[in-house]
Amino acid sequence: MAKILGGITTSHIPAVGNAIQKELYDDPYWKPFFDGYPKIHQWIQDHKPDYVINIYNDHGLGFFLDKMPTFAIGAAHEYRNEDEGWGLPSLDPFPGAPELSWHIIESMVADEFDITSCQELPVDHGFVVPMQLFWPGAPHHPDMPRTVPISANTVQHPIPTLKRALAFGRALRKALLSFPEEDAKIVVLGTGGLSHQLDGQRAGFINKEFDQYCLENIVHNPDELTKITRMELVEKAGAQGTEFLMWMMMRGALGDDVTEITRNYHIPISNTASGTLLLECAA
Amino acid sequence: MADMPAFDYHIDIPGTTIFDGKQAMKGYALNKMCYSFNRAENREAFKADEEAFMEKYGLNDQQKEAIRKRDVLGLIEAGGNIYYLAKFAGIFGLSVQDVGGLQTGMSTDEFKDYLKSQA
């Protein structure tokens with residue numbers, strides 16, 4: 001049976017892709033951000049996961065408003081990174097794991113989560129920036145795991161509740177643990193956040209106190225966070241801070257017993273309070 | 001479509017437009033045009049003839065006027081969603097800090113200082 005090694009969260013700001021391309025690791029603006037990742041690189045090197053479940057939110061590349069799935073699961077042999085409208089160079093395709101995808105889809109639907117399966121899914125910065133951060137040179141890192149993308153809707157309200165996101169993660173845990181590949185090692189990513197708002201007169205809104213509250217509770221007390229309503233989340237985390245949903249989905253997949261290996265929090269990167277967190281599952 | 005407070009809808013968050021079903025219906029043509037800007041050939045076609053491109057996507061007068069004026073708040077009012085509008089802003093090489101400044105009446109540098117001040 002498969003094993004879940006742990007979960008890693010990170011912000012997925014588009015500007016990070018650009019900073020990586022330009023190797024701005026020691027630039028004074030970027031250093032406090034990139035300093036959050038070496039411990040994660042070490043952990044990944046020590047554990048070498050075979051599969052990475054990348055829980056992110058699409059921002060208008062893979063999906064449009066014509067059809068907007070609340071929860072979508074990739075089931076492709078590979079995932080192409082494409083131009084998001086800014087003319088930036090695209091990365092090479094990421095190798096998929098369709099047999100794991102279909103196992104997850106079967107298990108989730110049997111568990112009464114009605115998901116959308118995607119045999120083609122172009123992936124945007126929400127998916128690729130975390131891969132680049134955790135596996136430098138992705139997708140050509142020598143230990144690059146095969147991947148299953150899972151996207152949740154945060155583009156258009158109604159978005160899922162935090163309670164549903166956590167429950168989704170818990171059902172995902174059941175699915176992963178029952179994957180019948182001996183000793184398969186899986187890591188789960190939750191990408192996006194933390195507080196930020198891009199639109200309206202309140203653009204630029206960041207909320208350190210609320211982010212710290214979320215970071216504290218997500219480690220050992222994620223159920224506490226399910227009391228936050230969606231509109232309260234918009235109010236306190238900013239209109240795009242709703243991406244915290246992805247962190248909750250990841251958290252649900254890890255089980256109750258986790259150890260925090262590292263965290264980092266920095267304001268601002270681009271318009272965003274950036275955060276990263278690595279939680280290891282009990283053996 | 002009526003407001004549905006029972007569904008956690010529409011509390012007033014100053015300076016924030018909740019992009020819900022009402023906005024999604026209102027802004028569909030505008031957002032569809034901006035979504036098309038994922039492709040370079042559509043960005044080029046827009047630059048070559050903005051009016052014809054807007055006509056092709058069926059934008060209404062309010063949306064056309066906001067596009068002509070590069071009025072980000074006007075585009076949101078007309079049903080635009082920021083993730084698609086970011087692709088429109090990208091045509092002009094605008095960053096999210098530029099767009100933040102445009103919406104808050106700050107220069108880009110003032111907006112960046114505002115972000116830093118919240119650390």
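## A leucine on chain B

B:L73 comes out as partly exposed, because its relative accessibility is 28% and the partly exposed class runs between the 20% and 50% cut-offs. Keep in mind that this is a predicted model. The residue sits in helix 6 of chain B, which covers residues 72-77.

What does B:L73 touch, once residues up to four places away in sequence are set aside? The list has A:G200 and A:Q201 from chain A, plus B:Q103 from chain B. As for distance within chain B, B:L73 and B:Y35 are 38 residues apart along the chain, and their C-alpha atoms are separated by 18 Å.

## Chain A in outline

Now over to chain A. Its secondary structure adds up to 10 helices and 10 strands. Put a box along the principal axes and the C-alpha atoms fill roughly 50 × 40 × 40 Å. The radius of gyration is 17 Å, which agrees with the value near 19 Å that a compact globule of 283 residues would have.

Contacts tell us about the wiring of the chain. Take those in chain A between residues at least 6 apart in sequence: 82% of them join residues at least 24 apart. Buried residues account for 64% of the 283 in this chain.

## Surface and charge

Chain A exposes about 10200 Å², and carbon and sulfur atoms supply 49% of that area. On the charge side, there are 21 positive and 37 negative side chains in chain A. The centres of those two sets lie 5 Å apart.

## Two nonpolar cores

In soluble globular proteins, nonpolar side chains tend to be buried together. Here, the largest nonpolar core has 61 residues, and A:I53 and A:I104 have the most contacts inside it. Which helix of chain A gives the most to this core? That would be helix 6 (residues 162-177), with eight residues.

A:I104 is a good place to start looking around. Leaving out residues up to four places away in sequence, A:I104 touches A:I53, A:I73, A:V148, A:L172, A:A175 and A:L176. There is also a second, separate core of 36 residues, with A:A19, A:Y37, A:F94 and A:L121 among them.

## Cis peptide bonds

Two peptide bonds in chain A deserve a look. A:A138 and A:P139 are joined by a cis peptide bond, with omega at about 5 degrees. A:P139 has its place in the loop between helix 5 (125-134) and strand 7 (146-152) of chain A.

The other cis bond runs from A:G193 to A:L194, and there omega is near -5 degrees. Where is A:L194 found? Look in the loop between strand 8 (185-191) and helix 7 (208-220) of chain A.

## Positive phi angles

A:E112 is not a glycine, yet it has a positive phi of about 75 degrees. This residue is in the loop between helix 4 (98-110) and strand 6 (116-118) of chain A. Is A:E112 buried or exposed? It is exposed, because its relative accessible area of 64% is over the 50% cut-off.

A:D183 is another non-glycine with a positive phi, this time of about 65 degrees. The loop between helix 6 and strand 8 of chain A holds A:D183. At 56% relative accessibility, A:D183 counts as exposed.

How values were computed: Residues numbered from 1 in each chain as written. Chains lettered and ligands numbered in written order. Predicted model: local features only at pLDDT ≥ 70, side-chain atom pairs only at ≥ 80, totals over all residues. Heavy atoms only, no water. Helix = DSSP H or I, 4+ residues; strand = E, 2+ residues; numbered from the N terminus. Rg over C-alpha atoms; globule rule 2.2 N^0.38 Å. Buried < 20%, exposed > 50% of the residue type's maximum accessible area, 1.4 Å probe, protein only. Contact = heavy atoms within 4.5 Å. Areas by Shrake-Rupley, 256 points an atom, 1.4 Å probe, with all protein chains shown as cover. Lys, Arg positive; Asp, Glu negative; His and termini not counted. Charge placed at Lys NZ, Arg CZ, Asp CG, Glu CD. Core = buried A, V, L, I, M, F, W, Y, C linked by side-chain atoms within 4.5 Å.
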